[in-house]
Amino acid sequence: MCIRDRGITTRFSQNCRRRLVEQQGVSIILELMRNCNRSKPHQELLKHALAIIAHLSQSGSTLDALHHVGNPTAEVLMDLIQNFRDNIGILTTCAKVLRRMHSSQEGAAAVSHVPEVKKRLQGIA
């Protein structure tokens with residue numbers, strides 16, 4: 001599976017993460033994530049896609065790319081948290097990425113622009 005391989009390479013290679021960002025791979029992965037449903041095959045695909053996004057969120061240069069894509073990353077992650085709150089792996093990965101995004105001023109603004117973010121978070125608890 002290509003996305004699994006991309007998850008491995010983005011984990012170990014800053015150069016691979018940078019090239020993924022340069023080639024607009026982030027928006028493609030976010031669109032893929034947005035279109036996943038709750039089926040088991042989609043959950044497996046989603047775990048690999050989330051791993052890539054998590055790897056991108058670990059360094060400053062590629063973390064910034066999560067703020068500058070067509071699909072708002074924070075909104076996609078919030079949707080996933082709501083839809084998969086019973087799947088601890090997906091939920092925690094999304095929460096970790098949101099926390100990293102929120103660590104910068106630009107990221108905090110992106111998270112706060114998610115429609116009804118406070119209400120949605122309270123609904124998860």
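**Figure 1. Thr 73 touches Leu 30, Leu 66 and Met 101, leaving out residues up to four places away in sequence.** Touching, or contact, means heavy atoms within 4.5 Å. What you're looking at is a predicted model, where local features need pLDDT of at least 70, side-chain atom pairs count only at pLDDT 80 or more, and totals for chains, interfaces and linings use all residues. Residues are numbered from 1 along each chain as its sequence is written, and side-chain values use heavy atoms, with hydrogens and water left out. Thr 73 sits in helix α6 (helices are DSSP runs of H or I, at least four residues, numbered from the N terminus). With a relative accessible area of 1%, Thr 73 is buried (buried is under 20%, exposed over 50%, partly exposed in between; 1.4 Å probe, protein chains only). Leu 66 shows up again through its backbone oxygen, which lies 2.6 Å from a polar atom of the Thr 73 side chain. That pair is a polar contact: N or O atoms within 3.5 Å, one able to donate a hydrogen and the other to accept it, with residues adjacent in sequence counting only if both atoms are side-chain atoms.

**Figure 2. Helix α6 turns a set of buried residues towards its neighbours.** Thr 73 has company in α6, where the buried residues are Thr 73, Ala 74, Val 76, Leu 77, Met 78, Leu 80 and Ile 81. These buried residues pack against α3, α4, α7, α8 (105-112) and α9. Take Leu 77 as a sample: beyond four places in sequence, Leu 77 touches Met 33, Leu 50, Cys 94, Val 97, Leu 98 and Met 101.

**Figure 3. The largest nonpolar core takes in 34 residues.** Such a core is a set of buried Ala, Val, Leu, Ile, Met, Phe, Trp, Tyr and Cys residues joined through side-chain atoms within 4.5 Å. Met 33, Leu 46, Leu 50, Ile 53, Leu 66, Leu 77 and Leu 80 have the most contacts inside the core. Two or more residues come from each of α3, α4 (40-56), α6, α7 (88-102) and α9 (117-124). Helix α4 gives this core its largest share, seven residues.

**Figure 4. Leu 56 and Ile 90 are two buried residues, in helices α4 and α7.** Leu 56 belongs to α4 and, at 0% relative accessibility, counts as buried. Setting aside residues up to four places away in sequence, Leu 56 touches Arg 17, Leu 20, Val 21, Val 26, Thr 62, Leu 63 and Leu 66. If you want a yardstick, the C-alpha atoms of Leu 56 and Phe 84 are separated by 21 Å, with the two residues 28 apart along the chain. Over in α7, Ile 90 is buried with a relative accessible area of 1%. The contacts of Ile 90, neighbours within four places in sequence aside, are Gln 43, Leu 46, Lys 47, Leu 50 and Phe 84. Thr 73 from the opening view is 15 Å from Ile 90, C-alpha to C-alpha, and 17 residues away in sequence.

**Figure 5. Gln 24 and Ser 27 are linked by a polar contact at 3.1 Å.** Gln 24 is in the loop between α2 (14-22) and α3, and its phi is positive, about 60 degrees, although Gln 24 is not a glycine. Relative accessibility of 52% makes Gln 24 exposed. Ser 27 lies in helix α3 and is partly exposed, with a relative accessible area of 25%. The backbone oxygen of Gln 24 and a polar atom of the Ser 27 side chain are the two partners. Further along the chain, Ala 65 is 38 residues from Ser 27, with a C-alpha separation of 9.6 Å.

**Figure 6. His 67 is a buried loop residue.** The loop in question runs between α5 (60-65) and α6 (73-83). His 67 counts as buried because its relative accessible area is 15%. Residues up to four places away in sequence not counted, His 67 touches Met 101, Ser 104, Glu 106, Gly 107 and Ala 110.

**Figure 7. Helices α1 (2-12) and α3 (25-34) each supply at least two residues of the lining of the largest pocket.** The full lining is Cys 2, Ile 3, Arg 6, Leu 20, Gly 25, Ile 28, Ile 29, Leu 32 and Ile 52. Helix α3 contributes the largest share, four residues. By type, the lining divides into seven nonpolar residues, one polar and one charged (Ala, Val, Leu, Ile, Met, Phe, Trp, Tyr, Cys and Pro are nonpolar, Asp, Glu, Lys and Arg charged, the others, including Gly, polar).

Definitions and conventions
On a 1 Å grid over the protein atoms alone, a cavity is a set of points where a 1.4 Å probe fits but cannot get out, and a pocket is an open set with protein on both sides within 12 Å along at least five of seven lines; lining residues have an atom within 4 Å of a point.
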